[in-house]
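Here is a walk through the sheets and the chain contacts of one model. Keep the 3D view open as you read.

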Amino acid sequence: MMPPPYTLNEIAKFLHAELKGDQQCLIIGVAPLDKAEQGQVSFLGKVAGFVHNYRKHLASTKASAVILSAADAKDFSGNALIVDNPYVAYAKLTSWFCKEPKSFAYVHPQAVLGRNCNIHPSASIANCTIGNDVNIGADAIIGAGCVIGDNVTVDDGCHFYANVVIYYDVQIGKRVIIHSGAVIGADGFGMANDKGLWIKIHQLGSVIVGDDVEIGANTCVDRGALDDTVIENGVKLDNLIQIGHNARIGAHTAIAGCTAVGGGAIVGKYCMIGGDVTLNGHIEIADKTIITGSSTVGRSITNPGVYSSALTVQPHREWLKVVVQLPQLSKLINKFKQLGA
Amino acid sequence: MMPPPYTLNEIAKFLHAELKGDQQCLIIGVAPLDKAEQGQVSFLGKVAGFVHNYRKHLASTKASAVILSAADAKDFSGNALIVDNPYVAYAKLTSWFCKEPKSFAYVHPQAVLGRNCNIHPSASIANCTIGNDVNIGADAIIGAGCVIGDNVTVDDGCHFYANVVIYYDVQIGKRVIIHSGAVIGADGFGMANDKGLWIKIHQLGSVIVGDDVEIGANTCVDRGALDDTVIENGVKLDNLIQIGHNARIGAHTAIAGCTAVGGGAIVGKYCMIGGDVTLNGHIEIADKTIITGSSTVGRSITNPGVYSSALTVQPHREWLKVVVQLPQLSKLINKFKQLGA
Amino acid sequence: MMPPPYTLNEIAKFLHAELKGDQQCLIIGVAPLDKAEQGQVSFLGKVAGFVHNYRKHLASTKASAVILSAADAKDFSGNALIVDNPYVAYAKLTSWFCKEPKSFAYVHPQAVLGRNCNIHPSASIANCTIGNDVNIGADAIIGAGCVIGDNVTVDDGCHFYANVVIYYDVQIGKRVIIHSGAVIGADGFGMANDKGLWIKIHQLGSVIVGDDVEIGANTCVDRGALDDTVIENGVKLDNLIQIGHNARIGAHTAIAGCTAVGGGAIVGKYCMIGGDVTLNGHIEIADKTIITGSSTVGRSITNPGVYSSALTVQPHREWLKVVVQLPQLSKLINKFKQLGA
């Protein structure tokens with residue numbers, strides 16, 4: 001498609017929006033309400049989980065057009081793109097303004113390709129390393145420095161950024177985005193203790209990644225011990241996440257950065273898990289559960305809802321008292337009981 | 001060695017197991033008791049730290065043979081491989097069924113090799129980068145995209161997966177497995193504050209990794225400030241672990257993913273440290289200490305035992321009360337004392 | 001410059017130190033007071049935040065010279081290098097004893113270079129991958145396996161170790177050190193929820209890194225959603241840190257390993273943030289704030305000071321009581337109030 005500018009009319013059609021205002025107004029970018037300049041489109045909408053307090057900027061915005069709900073559009077005198085969910089419309093519209101360089105179909109002459117590979121002619125293969133018996137689907141993009149092991153399947157429309165590593169036998173679905181430094185299919189942390197020495201348990205399973213998954217930079221998804229580790233369709237993983245062997249992440253679940261999912265944990269569908277969370281191994285999390293950031297989940301959650309265990313900082317001197325007193329809680333409760341309360 | 005199938009007789013010999021049943025029964029794989037099919041071997045044993053409740057599946061398993069303790073074998077009518085520690089026997093047996101592609105002795109024509117390298121002819125060197133004065137031992141495997149700095153020693157039988165980075169002067173022992181994205185020998189986080197500005201302390205030490213160590217994907221082991229950072233024999237590190245400069249991890253200690261070991265911390269031998277743990281810098285942990293997941297260790301531990309500091313999630317509304325009330329604990333205790341309790 | 005040895009006279013000039021003792025004494029290395037041998041220089045000074053208890057070793061040290069404050073030098077009979085801040089002087093001196101192999105101006109023949117690149121002839125370009133329209137400044141060092149996207153600027157004196165990834169459009173200031181596996185400019189974790197499905201918000205911003213920044217191994221700095229993510233001058237980031245999109249890290253702030261900074265968080269200047277800390281998104285941290293390790297910061301901090309929320313381990317059985325009783329704190333406080341206290 002053509003680069004910007006786009007007319008508001010073109011944008012309205014793309015977003016299935018009702019356009020109130022100048023159809024031919026030219027748009028060259030996207031910006032928040034308070035920072036937008038002429039030629040930019042903005043939006044007023046709920047951000048996942050938050051209601052950003054941007055409404056106060058609506059009257060004074062310099063944006064050439066604003067994506068709005070019908071209710072918010074009523075009193076707005078500028079150009080309005082009216083949709084049911086302005087935040088979703090904004091998300092869709094960002095794809096038109098992304099300045100990411102486009103890849104084209106080619107195989108870089110320094111790419112190292114194994115035997116019996118089946119690389120679709122529309123794929124873009126940078127100077128990377130691809131093992132034997134690998135399938136790369138249509139329109140897939142494999143970045144520089146990626147290393148893809150033997151017998152891996154990368155389905156249509158995948159985009160692996162630079163220096164992604166996929167171990168042998170892993171299966172990746174359609175339109176999967178994997179960011180740089182992510183490692184998919186390394187050995188799970190399995191070993192048996194033989195009188196103090198650790199005996200490696202070779203990890204005989206693999207990893208199956210569904211369609212429309214996104215995996216963040218430097219995130220690790222380990223291969224399974226006997227069965228496979230599974231990332232279901234539509235899962236979104238942020239950066240620096242650890243997914244232990246034989247974990248299963250349910251469809252359309254989103255997990256923020258630095259979270260660790262223990263081996264064998266089963267996370268439900270449509271969950272939202274904050275950053276720096278730890279999920280113990282071998283637990284199950286019900287569908288649609290929300291875990292707030294920095295929490296530790298020590299046992300299974302069977303009822304969906306919002307769960308937390310993070311504390312927040314206090315001035316250090318105050319906090320030291322808590323640290324000292326917390327272990328005395330037990331004594332306090334006992335004494336209290338003795339008082340007959 | 002030959003690929004599967006193997007006879008039970010061959011397996012029994014390898015495991016030093018007593019075989020009860022059909023010596024010629026053919027085995028093609030390994031599976032858990034409840035999922036095993038004909039042709040697969042299974043096991044019933046203690047998993048490190050846990051007793052998995054698999055015993056109920058023993059009577060109904062479809063496995064062609066089961067690795068069992070003598071006690072459990074008594075009432076089992078199927079083919080039994082009787083050993084002292086079935087979990088250890090299972091671990092050993094996985095090496096026979098690992099589908100990992102084998103490497104062979106070669107140097108890839110696109111490998112970049114420095115001057116005065118001493119690469120054993122049995123080593124396998126993929127399209128990686130190796131600096132000057134590097135020693136690579138017998139049967140070592142260096143994966144694609146690895147970068148090994150000057151004056152590094154990689155001893156016999158090491159296996160570095162793709163995109164591992166080893167900085168200059170690092171010494172790696174025998175049979176060390178390092179997974180993709182791990183970085184060994186980057187600068188420790190050392191600096192001096194000069195009226196607000198940070199002056200870099202060049203890290204003059206290195207990293208010494210012992211024999212039979214395994215280091216997980218994207219794990220970092222920093223080089224020492226003056227002395228070396230040391231990972232002793234048999235240590236097992238999971239993914240995304242940070243080992244600060246001048247830390248020492250004692251022999252045969254295992255550390256789960258996302259744990260951070262502060263600079264100068266001395267961890268004893270035969271410790272087990274859970275995932276997402278933080279060990280402060282400059283503390284010492286006694287041999288055979290166990291730290292459960294998500295704990296923070298703020299000071300030295302001199303008595304071995306099991307230690308914890310993780311909380312677990314509550315429903316968010318309940319948890320908010322705790323967060324508000326915890327800083328009041330001090331007041332509560334004081335009032336309580338005033339009551340004369 | 002020449003390799004060691006150096007005379008004490010040369011060292012004194014470099015450090016602007018007052019030299020008490022043998023000007024021609026030859027120094028070949030640096031070591032701590034208690035481990036120093038003849039020919040080595042040592043120091044006695046405050047380490048950032050700590051006063052290391054090294055004074056007891058001063059009288060018995062075998063070091064050929066010691067960097068000291070005037071006060072500590074009074075009673076010292078050996079060779080003394082007297083400065084205002086011995087720890088800072090030690091930091092500066094380490095640059096003379098660093099054994100890191102030097103790079104020289106060249107472009108490796110296997111480097112993959114894009115169109116319209118402007119690479120300074122004094123830069124050192126290993127077998128890495130550089131996109132189109134990239135500027136690489138004077139004396140910059142780009143390690144093996146690095147991948148630098150289109151339209152990136154890397155200013156003078158930068159040093160990128162092996163396998164660093166810089167996405168398109170990122171700007172890196174002067175003398176920035178980036179360690180292996182770090183990923184700068186990957187997509188921020190932005191998406192809108194459309195009836196359960198996640199719609200990707202393309203990240204239209206970039207990352208701007210100031211001068212004299214150091215970024216640790218496997219650390220991730222995400223590109224901004226609409227505006228840029230900003231790392232100001234002199235910031236020091238340790239390993240395995242996550243910096244979310246549109247965060248801003250104030251000048252000369254230092255952050256220890258495994259810390260996560262949420263999207264849109266604004267961290268002040270001259271802050272010190274410990275390891276394994278979590279800063280929630282969209283909060284602000286005042287200049288000169290100190291956050292101790294393993295803390296979670298749930299809301300903005302407007303008054304500089306020292307803040308904490310980490311607990312420390314207890315014996316597991318004791319800790320289990322706390323875990324059980326903590327949610328009862330609310331009940332306890334209520335009962336207590338009923339008692340009329």
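How many bridges join strand β21 of chain A to strand β26 of chain A, and do they run parallel or antiparallel? There are 2 bridges, and the two strands, residues 183–184 and residues 220–221 of chain A, run parallel. If you want to find the spot, look for V183(A), whose bridge partner in β26(A) is C220(A). Bear in mind throughout that this is a predicted model.

**The sheets**

That pair belongs to an open sheet of 10 strands in chain A with parallel pairing. Its order is β9-β12-β15-β18-β21-β26-β29-β32-β35-β38. At the edges sit β9 (112–113) and β38 (296–297) of chain A, each pairing on one side only.

Another open sheet has 12 strands, and here the pairing is mixed. Reading across, you go β8(B)-β11(B)-β14(B)-β17(B)-β20(B)-β25(B)-β28(B)-β31(B)-β34(B)-β37(B)-β39(B)-β40(C), so the order ends on a strand from chain C. The edge strands are β8 (106–107) of chain B and β40 (314–315) of chain C, and each of them pairs on one side only.

Two places in this sheet are worth a visit. Within chain B, β17 (residues 159–160) and β20 (residues 177–178) run parallel and are joined by 2 bridges; H159(B) has I177(B) as its bridge partner there. At the crossing into chain C, β39(B) and β40(C) pair in the antiparallel sense, over 2 bridges. In that crossing, S308(B) is matched with Q314(C) in β40(C).

Chains A and B have a strand pairing between them as well. β39(A) is joined by 2 bridges to β40 (residues 314–315) of chain B, and the two run antiparallel. Y307(A) finds its bridge partner in P315(B) of β40(B).

**How the copies relate**

Chain B superposes on chain C with an RMSD of 0.1 Å after a rotation of 120° and 0.0 Å of shift along the axis. The two copies are therefore related as by a three-fold rotation axis.

**The two interfaces**

What does each contact look like in numbers? The size of an interface is often given as the accessible area lost when the parts come together. The table sets out that area alongside the contact counts.

| Interface | Residues in contact | Buried area | Share on carbon and sulfur | Salt bridges |
|---|---|---|---|---|
| Chain A and chain B | 69 residues of chain A, 65 residues of chain B | about 5,600 Å² | 66% | 3 salt bridges |
| Chain B and chain C | 69 residues of chain B, 66 residues of chain C | about 5,600 Å² | 66% | 3 salt bridges |

Take the contact of chain A and chain B, with its buried area of about 5,600 Å². On the chain A side, F189(A), W198(A) and L204(A) lose the most area to chain B, together 12% of what that side buries. Polar contacts turn up too: 23 residue pairs (both at pLDDT 80 or more) across this interface. The elements of chain A that each supply at least two residues to that side are β22 (191–194), β23 (197–200), β38, β39 (306–308), α4 (316–325) and α5 (329–338). Sorted by type, the chain A residues touching chain B divide into 35 nonpolar, 23 polar and 11 charged. For a salt bridge to look at, try D227(A) with K35(B), at 2.9 Å, N to O.

Now for chain B and chain C, where about 5,600 Å² is buried. In chain B, the residues that lose the most area to chain C are F189(B), W198(B) and L204(B), together 12% of what that side buries. A salt bridge joins the side chains of D194(B) and K92(C), 3.9 Å from N to O. The chain B side draws at least two residues from each of β22 (191–194), β23 (197–200), β38 (296–297), β39 (306–308), α4 (316–325) and α5 (329–338). Its residues divide into 35 nonpolar, 23 polar and 11 charged.

**One more salt bridge**

Over all chains, a search of the whole structure finds 30 salt bridges. One of them is formed by D227(C) and K35(A), with the closest N and O atoms 2.9 Å apart. This pair crosses between chains, from the loop between β26 (220–221) and β27 (229–231) of chain C to the loop between β4 (29–30) and β5 (40–43) of chain A.

Note on methods
Residues numbered from 1 in each chain as written. Chains lettered and ligands numbered in written order. Predicted model: local features only at pLDDT ≥ 70, side-chain atom pairs only at ≥ 80, totals over all residues. Heavy atoms only, no water. Pairing = 2+ DSSP bridges. Helix = DSSP H or I, 4+ residues; strand = E, 2+ residues; numbered from the N terminus. Contact = heavy atoms within 4.5 Å. Buried area = accessible area lost by both parts, 1.4 Å probe. Salt bridge = Lys/Arg side-chain N within 4 Å of Asp/Glu carboxyl O. Nonpolar A, V, L, I, M, F, W, Y, C, P; charged D, E, K, R; others polar. Least-squares fit on C-alpha atoms with pLDDT ≥ 70 in both. Polar contact = N/O pair within 3.5 Å; in protein donor to acceptor, adjacent residues only side chain to side chain.
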